[in-house]
Amino acid sequence: YNTRDSIPPPQIEVVESHKQSLHARWQPGTRKAYSNPNYIVAGYLIEKFSGIPFPEYMYTHLLEPLGMSQSGYHFTPPQHTPLAQGYRKNGKKLFPLPFTRINGSPAGDFCTNAQDMALYLQLMLNQDSSIGSVEEVNRIESPHTSIAA
């Protein structure tokens, strides 16, 4: 979590904060392991080659074309956007969780609601080409490596 910054740091700073995690533990293609830093590196590459901060790039090139106007990578709680609410269970009672921000938005800081997710689902079901060609949309669901990779 990021509790020190008032604005999101550039992705290169986040990559540098994860340097210990950027080394392969096994020979490529022999084992699998989930890795948040991989998504952070991808976000950094988007920033580097587009010249646009990752959250802005995603909104302009994916969310806005799909009509997902209430979704985004919010570093602070949005004022006028209804988002899904997280809860913590204590015994039989549920308590709302406060908005938290993570240090590395590509790795899990996406905020949305059911209405906007329905728009994304429609894209996938209809193979809509509003964000790219039909072939590019199909690539989202097509594996290109082995399960071990």
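**Helix α3 and its surroundings**

In this predicted model, helix α3 is followed by Gly67, a residue whose phi is positive and lies near 80 degrees. The helix itself covers residues 54-66, a run of 13 residues, and the distance from its first C-alpha to its last is 17 Å, which is close to the 18 Å expected at 1.5 Å a residue. The course of α3 nevertheless includes a kink of about 40 degrees, and this kink is centred on Thr60.

Four residues of α3, namely Phe54, Met58, Leu63 and Leu66, are buried. In an α-helix there are 3.6 residues a turn, so residues three or four places apart point the same way. The partners against which the buried residues of α3 pack are the helices α1 (11-17), α2 (36-50) and α4 (114-126), together with the strands β1 (72-73) and β4 (110-111).

The largest nonpolar core consists of 6 residues, Leu63, Leu66, Met68, Leu123, Met124 and Val137, and at least two residues of this core are supplied by each of α3 and α4. Within this core, Leu123 touches Leu66 and Val137, and Leu123 also touches Asp128, Ser130 and Ile131, when residues up to four places away in sequence are not counted.

A further buried position is found in the loop between β3 (93-96) and β4, where Asp109 lies. Asp109 counts as buried because its relative accessible area is 5%, whereas the cut-off for a buried residue is under 20%. With residues up to four places away in sequence again left out, the contacts of Asp109 are Gly72, Tyr73, His74, Thr100, Arg101 and Ile102.

Note on methods:
Residues are numbered from 1 along each chain as its sequence is written. This is a predicted model: local features need pLDDT of at least 70, side-chain atom pairs count only at pLDDT 80 or more; totals for chains, interfaces and linings use all residues. Side-chain values use heavy atoms; hydrogens and water are left out. The expected span of a helix is 1.5 Å times one less than its number of residues. The bend at a residue is the angle between axes fitted to the seven residues ending there and the seven starting there. Buried means under 20% relative accessible area, exposed over 50%, partly exposed in between (1.4 Å probe, protein chains only). Contact means heavy atoms within 4.5 Å. A nonpolar core is a set of buried Ala, Val, Leu, Ile, Met, Phe, Trp, Tyr and Cys residues joined through side-chain atoms within 4.5 Å.
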